[in-house]
Amino acid sequence: MPSKSEALFARAQNILPGGVNSPVRACKSVGCEPVFIERARGSRMWTVDGQELLDFVMSWGPMLLGHADPAVEAAAVAALKHGASFGAPCPAEVELGELIRTIMPGMEMVRMVSSGTEATMSAVRLARGYTNRAKILKFDGCYHGHSDGFLVAAGSGVATLSIPGTPGVPDPIANLTLLAPYNDLAAVEAQFKAHGADIACVIIEPVAGNVGLIEPAAGFLAGLRALCTQYGALLIFDEVISGFRAALGGAQARYGVTPDLTTLGKIIGGGFPVGCYGGKREIMAHIAPSGPVYQAGTLSGNPVAMAAGLETLGQLAKCDYAGLEARTKAFAEELAGILRAKGQDIVLNQTASLFTLFFTKTPVTDYATSKTQDSAKYGSFYRQMREFGVNLAPSGYECAFTSFAHTEADLELALAAARKVQL
Ligand code: KE4
């Protein structure tokens, strides 16, 4: 008798490509079917078959307060009672914009959109419109959403599924995307020497979260800042994952480097579809209707998502980030130790409330070294941990996310599960 998840997945594959609405959720690279979730609260999720899961995906980052935070829920419901979307300005979008600027002063002006992809796609169009240049430079393995030019050597689901090249992206568009290895400033300088006058922007995940977790090497981000300034290109920090997580003020606050533009998503919607891009006033003034670079969105700034974002960021501003980082670090180190005691080669990368266990002995500093990981080993680890009630990212090219809802007891439960794993 198939489980409810198995029956749902069979149905889903008949209507949804691969049975999912986002590829990495299909669990293809970890050798099992996805489980369907009925509800979530705090650090926990419950499947349609009643299995309780301790969650370390947290919707891929948005749920830093934990699932179904009561105050976020109440704020969204209260907004919903006045209408879901007006297609006209509402106070909450101004308030959320001002709160983002207070937390991230480098974002002098912001524009709300409905996903991280919309944010990064729009920021790159703005950089091209502002500089009148066509080329962009991204880093091998970084993932900035699924806009055409970003699917060159992308991470996340593209890396997970080993999708070759960029089917559907015409060469003339793909050829506008220059590449460099993460943490390789010399390679970036070489690209600038060869193409500097044509490079509109450098876009980077200032903490890389889509090849597994990779922290920037000392001086790397500052080096990018200097090169962009030198060659007149814009520096874009894609903080869709790191924003409000690497620190309250994001990676730009953690590492003390201010980009020209920042893109946000995930956390700022508190689980609702919200993205945002912003930066220097003089640059943002080029966005329609104040300037000629066009970008628009039916549900941009809708009152419900804005209310959820306001409550989320308002709470985060009072949270103990140092405490969460310390708990996450201790937990991840003990988890790595348990696996090493089982004879496994483990490289642990951990920053703030993010970590990745790489099944390799090679230090992971870029996409090439991330690819030395043993994906089969990770798949076995994933399947066993889920069997024992712990939900990890269904890919070794993603991160584990803790939250302010994860208790010491939760972390102990995950360690106990890991002790039972056989690899
Ligand atoms: P969305 O369009 O999925 O809201 O955001 C795209 C995006 C942009 N920038 C960064 C740094 C991102 O990590 C993402 C999306 N992250 C993936 C997980 N690594 C989303 C999960 C999924 O694709 O299902």
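**Around the ligand and helix α8**

Guide: A nitrogen atom of the ligand sits 3.0 Å from an N or O atom in the side chain of K266. This is a predicted model, where local features need pLDDT of at least 70, side-chain atom pairs count only at pLDDT 80 or more, and totals for chains, interfaces and linings use all residues. Residues are numbered from 1 along each chain as its sequence is written, and side-chain values use heavy atoms, with hydrogens and water left out.

Visitor: What makes the K266 pair a polar contact?

Guide: A polar contact is a pair of N or O atoms within 3.5 Å, and K266 has its pair at 3.0 Å, so the label fits.

Visitor: How do you know that E398 and S22 make polar contacts with the ligand too?

Guide: Go by the distances: E398 has a polar side-chain atom 2.8 Å from a ligand nitrogen, and S22 has one 2.6 Å from a ligand oxygen. Both values fall within 3.5 Å, so both pairs count. As for cover, the protein takes up 87% of the 540 Å² of accessible area that the ligand has on its own (Shrake-Rupley method, 1.4 Å probe).

Visitor: Why is the span of α8 called close to the expected one?

Guide: Helix α8 (a DSSP run of H or I, at least four residues) covers residues 220–231, twelve in number. The expected span is 1.5 Å times one less than the number of residues, which comes to 16 Å here, and α8 reaches 17 Å from first C-alpha to last.

Visitor: What makes F220 of α8 a buried residue?

Guide: Buried means under 20% relative accessible area (1.4 Å probe, protein chains only), and F220 is listed as buried, along with L221, G223, L224, R225, L227 and C228.

Definitions and conventions
Helix = DSSP H or I, 4+ residues; strand = E, 2+ residues; numbered from the N terminus. Buried < 20%, exposed > 50% of the residue type's maximum accessible area, 1.4 Å probe, protein only. Polar contact = N/O pair within 3.5 Å; in protein donor to acceptor, adjacent residues only side chain to side chain.
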